[in-house]
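Reader: Hello! Please take a close look at one part of this structure with me, and then show me what lies around it.

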Amino acid sequence: QAISAQEGQLRHWPASSAPGPRGCLASLWAAPMAKDVSSADFWNSFMQRPEVRAAMRTKLRYESIAEAAQRSKQEKLERKQRRFDIMNELMQCATNVKHIISPMFRYKITQQFLWKMLCEARAEGMLFADKLRQPQVYHRLLAIKAEITAGPYGVAGWQAEEEVEEDLMDKMVVEADCIPGGVNGEAPDRKQMLDKRDIQGVLEFGQQIKREGNEAFQHENWEGALTRYSQGDEMLKNFSAEPHLEQQNNDLKDMHRACLNNKANAALKMDQWQSALKASEDALRIKQDDVKALFRKALALEGLARTEEATEALEEIENIAEDMDQDLRESILTDVRERQAAVKDIERRAAQSFRRMFKAMGDKNVFSGGRFLADGTSPPPALTGAEERKIKSLRAKQEWLEGKAKHEAEQRRKEGKKLLEIRDPEVPTPNRPAIAGYRTERTRTITQSQAQQLLEDLLNAYSDEAFQRKVHADARAAGFETQAFLRRLRKTALVVQEPLLEKWGFDPSDEGLQELMLCLGDHTSRVDSLRKLADKTTQMLYGGELGMLDIDS
């Protein structure tokens, strides 16, 4: 009865205010049912009602959401695949096109246009790179870039602002920038890709550099030739043509390989074995069976005394020469046999030198008595390796200075000039840096603020009580005689001066001290405050107010 009563109400409701099918079902279920709901007749009659049929025809909410999610997922996958297809095609384009597209690739308006152009290129049977070079397409890309730059004020409006939802294509941006070697060195073989017109300019410039290097080499200007070949190598290794330009790519590789071979040859003329070896190996990476590169690699290894590797390179040349013409093979094998004989001679002379060395060591009982102590341990060396190297360096420097002084004296004698008198050693100070008959080459300069800081550091070092006690002891030991005191003071002061010399980048020696004082003198001669600070520093160097400064006066 309740259902029949509600049925009558539904019939009398106006069409505009009648509830929808779901509202009808809800109200029908909410009403108390007097009929037997378990009978089939009830449900048959119930399903025949118009409102129930309308409700069943309407899709359920959860079904529509699932279908929308599935559709959105499918569209996202399609857009992602399109982006990857576009990116792969862009990798075959020239660098100037990539530089235009890479900053705006993440915007949907860009990807939609690029996908349209890709579809047209495939339909027309042409390369995507050639399609993008068409004037109308290229200008449309520039217009899209302007729209994106304008943002909401541009014609594209919100389309230019809408970005790709998830994938910003960082890989594509890095590839599009095409920085040689990659941003952080992650792609050492990456090169800038050029179109046919630009790559022709690179080939012409490379040919010019090669020609100039050959002219310098013919005039035995090895350094100039090496410079030009190195310039050609640095330029050619950073460029490549688009993949479909096979002839241009082959020409570029051949020219680069020729520059590397010539670079190795020029480096061999200057005995730069490492440079020659690197250039030869780079040429072999381009062409593994390059006989010239292998031969020059063998010469470089021979110069580095790596005889085993040089022999292996020569044997590899022999194997390659077996497939060549008779005349060329004989010429190559003649050069190879000559170098093999030279390598064997080096090994023979090295073996003789080792035999003489070991015989001398045996005569001095290096391997027998005296090698071990009674407790089985080795005796400590008289000098460490660093000490021996330092002594050797000092001896070489002393010999050079003596030879230089002898040469200068001889020159002055020939010119009729008076020979320089060697005065007793003096201690250089900031206000009196020069020593008579002593010349120092300047390797660096300091600023005024650095000069002030350096004078303060010297003042603090000289004011130390331990240093002052040593200075006073030197004065007493010299009997307060000036020249004898200065000879002692020079050694005493160098102990505290060496750490400061190393700190400020000067050589911890008498020459470094002289250079330091010359740098300070540049500023103390012009600035009164620094001159006064230098006078105070000198006073503390000589022992303070009661020290040896101006004791003669």
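**A close look at one glutamate and its surroundings**

Author: Let's start with E312, whose relative accessible area of 52% makes it exposed. The cut-offs here are over 50% for exposed, under 20% for buried, and partly exposed in between, using a 1.4 Å probe and protein chains only. The areas themselves come from the Shrake-Rupley method with that 1.4 Å probe, and for residues only the protein chains shown count as cover.

Before we go on, please keep in mind that this is a predicted model, in which local features need pLDDT of at least 70 and side-chain atom pairs count only at pLDDT 80 or more, while totals for chains, interfaces and linings use all residues. Residues are numbered from 1 along each chain as its sequence is written, and side-chain values use heavy atoms, with hydrogens and water left out.

Now back to our glutamate. E312 sits in helix 17, which covers residues 307-321. Helices are DSSP runs of H or I with at least four residues, strands are runs of E with at least two, and both are numbered from the N terminus. On the surface, E312 joins E308, E315 and E347 in a patch of negative charge. Helix 17 supplies the largest share of that patch, with three residues. A patch takes in residues with over 30% relative accessible area and no salt bridge, joining like charges within 9 Å and nonpolar side chains (Val, Leu, Ile, Met, Phe, Trp, Tyr) within 5 Å. Asp and Glu count as negative and Lys and Arg as positive, with His and the chain ends not counted. Each charge is placed at NZ of Lys, CZ of Arg, CG of Asp or CD of Glu.

Just before helix 17 comes the loop that links it to helix 16, and A305 is found in this loop. A305 is exposed at 55% relative accessibility, and its phi is near 65°, a positive value in a residue other than glycine. Most residues other than glycine have a negative phi. E220 is another residue with a positive phi, about 60°, without being a glycine. That residue lies in the loop between helix 12 (196-218) and helix 13 (222-236), and E220 is exposed at 57% relative accessibility.

Let's step back into helix 16, residues 291-303, where we meet A300. In contrast to E312, which is exposed, A300 is buried, with a relative accessible area of 0%. Leaving aside residues up to four places away in sequence, A300 touches L268, W273, A276 and L277. Touching means a contact, that is, heavy atoms within 4.5 Å. A300 also leads us to K278: their C-alpha atoms are 9.2 Å apart in space, and the two residues are 22 apart in sequence.

K278 brings us to some charge pairs. Side chains of opposite charge can pair when their charged atoms come close. K278 and D282 meet in a salt bridge at 3.2 Å, N to O; the term means a side-chain nitrogen of Lys or Arg within 4 Å of a carboxyl oxygen of Asp or Glu. Both residues are in helix 15 (residues 273-286), four residues apart and so separated by about one helical turn. K278 is exposed at 53% relative accessibility, whereas D282 is buried at 17%. D282 has a second partner, R285, with their closest N and O atoms 2.2 Å apart. R285 and D282 are three residues apart in helix 15, which is again about one helical turn. R285 is exposed, with a relative accessible area of 61%.

Salt bridges turn up elsewhere, too: the structure holds 18 of them. Among them is the one between R531 and D528, with closest N and O atoms 2.5 Å apart. There is also a network of salt bridges linking E120, E124 and K131.

For a surface without charge, look at F354, M357 and F358, which make a nonpolar patch of about 300 Å². M357 belongs to helix 18, residues 326-363, and is partly exposed at 37% relative accessibility.

Finally, here is the whole chain. It has 24 helices and two strands, and 35% of its 553 residues are buried.
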